[in-house]
Structure formats: structure tokens, C-alpha cells
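The following note sets out points for consideration when reading the model. Each point takes up one region or one kind of contact.

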Amino acid sequence: MKIDYTDETFLARWIANELSSEELKAFQQSEAYHQFKAIDEASLLLKAPDYNQEETFNKIQEKLFSKKQEKKVVKLIPAWMYGAVASIALLISFFYFNNSTTISTTYGEQITITLPDNSLVHLSPNTTIKYKERNWNKKRSLSLEGKAFFEVEKGKSFTVKTEEGNVTVLGTKFTVDASKNYFEVLCFEGKVKTTSKNNDETILTKGKAYRNYNNVSENWNFINSSPSWLLGESTFNNTPLYQVIKALENQFNLKFDTSKIDLNQRFTGTFTHEDVNIALKTVFAPMKISYKLAKNSSVILTYRK
């Protein structure tokens with residue numbers, strides 16, 4: 001069987017183990033197979049994250065051309081082989097370094113996902129997590145944008161990374177809420193360690209909460225056994241109005257005009273996920289703020305006269 005090694009799909013199919021048995025058998029009996037195999041073996045030199053493409057390429061070349069030192073005559077490597085080396089290096093780089101999994105929710109959406117170690121992550125609306133499945137059990141780490149409730153299986157250290165700070169646990173239940181200049185963690189079970197972006201470290205146990213807002217840290221206690229937003233309502237404890245409005249936006253896909261109110265006011269209370277008008281009234285009536293909900297889902301907020 002004649003094989004066209006210059007076919008750009010051939011090498012990709014070989015790397016991905018997608019060659020037919022006939023193609024693979026013919027390939028293994030060819031002289032070129034041993035050269036390609038040398039390339040594949042050299043690819044084991046790749047170890048994240050210290051990947052240097054130029055250095056790895058040079059090592060591959062050295063392995064291929066080392067046979068020139070032997071006494072027997074060696075045929076010159078065809079010109080197309082140089083392209084093949086680069087192609088395989090790129091393919092291997094893709095398989096090794098671009099295997100991240102990204103999961104996102106949209107407005108009003110909540111989902112639960114199971115991580116490779118059977119830990120659970122409950123995503124609130126407009127939230128994104130990203131993690132790598134490869135070697136997950138050796139390095140349990142993911143990035144978070146938004147708000148999520150974690151039920152972590154016991155094992156090696158488990159880390160949630162955000163732009164505003166990190167949370168590290170071994171096995172426990174907790175929530176993380178992270179957005180610009182806002183970082184909040186509630187521990188529902190076990191013990192967690194929080195580290196804000198200004199290196200403020202706090203250890204939380206069951207019923208303890210921590211918040212860092214505009215570089216100011218706060219702690220408080222709570223009695224809930226699980227996040228209320230899993231059951232259809234959002235609860236807040238002395239929370240900046242800015243964050244409450246963000247939760248309303250994420251839940252109901254609203255856009256607020258807040259130019260005439262103070263977003264640093266604090267709100268304590270709950271709003272339902274079932275009815276937008278009831279939710280708006282529940283939040284803004286106690287704060288003496290009037291709201292006007294337009295047909296395009298925009299909300300204008302003003303203080304009552």
C-alpha cells in the first residue's frame with residue numbers, strides 16, 4: 001500500500017490514533033515510520049508549563065540527525081520532513097496544552113457539573129469556570145468568574161482561583177462570589193482558607209463568612225445549611241447595593257441606570273427568582289428607591305422625593 005506522507009491529514013490521524021489497520025501496518029513497515037516514531041518519542045520531552053518550542057524542536061532535530069554519526073550510509077532526510085517535524089510539534093503542543101474545559105451559564109440559568117474527582121460545582125447565572133481534566137487528581141485547580149457553590153470530595157488540595165482572590169480547601173462545602181473589586185466566601189462545611197488579592201488571609205469554618213470589597217475586609221456568621229439561591233431566592237447580609245443589583249441583572253437579564261443612586265449603600269434581605277417585579281420591590285422599597293422597568297428590560301433607579 002502506497003502512503004502519501006505529505007498528506008497533511010495523515011500525520012494528524014496518526015497522532016490521534018485514527019489510521020486504519022491497513023494504513024498503520026503499511027506505515028510501520030516503512031523506513032519513514034522509524035523517523036516519525038523518533039519524533040513522537042522526542043515529544044515526551046514536553047512538560048507543562050515549561051514548554052520551549054524552539055528548544056524542543058532542536059532536541060527533535062538532534063534525535064533525528066544523530067544517526068549521521070553511524071558508519072553506515074544514511075539517506076538524506078527529505079525536504080518535506082522538516083515541515084513534518086514542525087507539524088507534529090504543533091499537534092503535540094495542541095493536545096498537551098489546549099485541553100482546558102470551559103463551562104458557562106447565561107442569564108437566569110443554574111447548572112450543576114461533576115468534576116473528574118466527583119466533586120460538584122453549582123453555577124449561578126452568568127458564571128464561568130475553567131479547568132484542565134488532564135492530571136486533575138494531581139492538581140485540583142480551577143478558575144472562576146461569577147458565583148458558585150462547591151461540594152468538594154476529600155483528597156489533595158482543591159483551589160478556586162479568581163481575579164480577586166483564591167480559596168483553598170481539602171474537602172468541604174462553600175460558595176465563592178467574585179467580580180471586580182468584590183470577593184466573598186461562605187463556608188457551609190469543613191474549613192477553607194481564603195487569600196484576597198491584597199494577600200489578606202482568613203481561615204473559615206462552618207457558618208463563617210468573609211468578604212473583601214474595595215480592599216476592605218469583613219467577617220460575619222450565618223446559619224444557613226446551603227445557599228438560598230439553589231432554592232429559588234438570593235439572600236444578602238449587609239451587602240453593597242452594587243452587588244445586589246448585579247445579582248438582579250444576572251437573574252433577570254436586566255440593565256440598570258444607577259447614575260442617581262449610591263451603589264455603596266448596604267442591603268440585608270432576600271429577593272425571589274420567580275417574579276421580577278416582586279424582586280425589584282423587595283430590594284428597593286426598603287431603601288426608598290423608586291424604579292421604572294421598561295419594556296426593553298432596562299431599569300431606571302431614583303431616590304423617592
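Which residues lie nearest the centre of the largest pocket? The points below begin with that matter; the model under discussion is a predicted one.

1. **Lining of the largest pocket.** The residues nearest the centre of the largest pocket are K147, D177, W229, T235 and F236, and the lining as a whole comprises 36 residues. By class, that lining divides into 19 polar, 11 nonpolar and 6 charged residues. The space within the pocket is about 610 Å³.

2. **Elements that contribute to the lining.** At least two lining residues of the largest pocket come from each of β5 (140–151), β8 (173–179), β9 (182–189), β13, β14 (233–240) and α6. Several of these elements are taken up again below.

3. **Strand β5 and its parallel partner.** Strand β5 runs parallel to strand β6 (residues 158–161), and the two are joined by 4 bridges. Within this pairing, S143 is placed opposite K161 of β6. G146 also belongs to strand β5. With a relative accessibility of 14%, G146 counts as buried, because the limit for that class is under 20%. The C-alpha atom of G146 is separated by 6.6 Å from that of N126, although these positions lie 20 residues apart in the count along the chain.

4. **Strand β6 and its antiparallel partner.** β6 is also joined by 4 bridges to strand β7 (residues 165–169), here in the antiparallel sense. K161, which faces S143 in the pairing with β5, stands opposite N166 of β7. The connection between β6 and β7 is a hairpin of 3 residues.

5. **An aromatic cluster.** One aromatic cluster is formed by Y131, W136, F150, F158 and F174. Of these, F174 is located in strand β8 and is buried, at 0% relative accessibility. The C-alpha atoms of F174 and F150 are separated by 5.4 Å, whereas the two residues are 24 apart along the chain.

6. **Aromatic pairs involving F284.** The number of aromatic pairs in the model is 13. One of them joins F256 and F284 in a tilted arrangement, with 6.1 Å from centre to centre and 55° between the planes. Because F256 lies in strand β15 (residues 255–257) and F284 in helix α7 (residues 276–284), this pair ties together parts that are 28 residues apart in sequence. Both partners are buried: F256 has 13% relative accessibility, and F284 has a relative accessible area of 0%. F284 forms a further tilted pair with Y291, at 6.3 Å between centres and 40° between planes. Y291 is partly exposed, its relative accessible area being 28%.

7. **Helix α6.** What span should helix α6 (residues 241–252) have, at 1.5 Å a residue? The expected span of its 12 residues is 16 Å, and the end C-alpha atoms are 16 Å apart, so the two values agree. The buried residues of α6 include L241, V244, I245, L248 and F252, together with Q243, N250 and Q251. After α6 comes N253, which has a positive phi near 55°.

8. **The hairpin of β12 and β13.** Strand β12 (residues 208–213) pairs with strand β13 (residues 216–221) through 6 bridges in the antiparallel sense. A209 has W220 of β13 as its bridge partner. The hairpin has 2 residues between the strands, and N214 adopts a positive phi near 50° there. N215, in the loop between β12 and β13, likewise has a positive phi, near 70°, without being a glycine. At 48% relative accessibility, N215 is classed as partly exposed, because exposed requires over 50%.

9. **A further positive phi.** Is N199 buried or exposed? With a relative accessible area of 63%, N199 is exposed. The residue is situated in the loop between β10 (191–196) and β11 (201–205). N199 is not a glycine, yet its phi is positive, at about 65°.

How values were computed
Residues are numbered from 1 along each chain as its sequence is written. This is a predicted model: local features need pLDDT of at least 70, side-chain atom pairs count only at pLDDT 80 or more; totals for chains, interfaces and linings use all residues. Side-chain values use heavy atoms; hydrogens and water are left out. Rings of Phe, Tyr and Trp (its six-membered ring) pair if their centres lie within 6.5 Å; planes under 30 degrees apart count as stacked, over 60 as edge-to-face and the rest as tilted. Buried means under 20% relative accessible area, exposed over 50%, partly exposed in between (1.4 Å probe, protein chains only). The expected span of a helix is 1.5 Å times one less than its number of residues. Two strands pair if DSSP finds at least two bridges between them. On a 1 Å grid over the protein atoms alone, a cavity is a set of points where a 1.4 Å probe fits but cannot get out, and a pocket is an open set with protein on both sides within 12 Å along at least five of seven lines; lining residues have an atom within 4 Å of a point. Grid points are joined across faces, edges and corners, and a volume is the space filled by probe spheres set on the points. Ala, Val, Leu, Ile, Met, Phe, Trp, Tyr, Cys and Pro count as nonpolar, Asp, Glu, Lys and Arg as charged, and the others, Gly among them, as polar.
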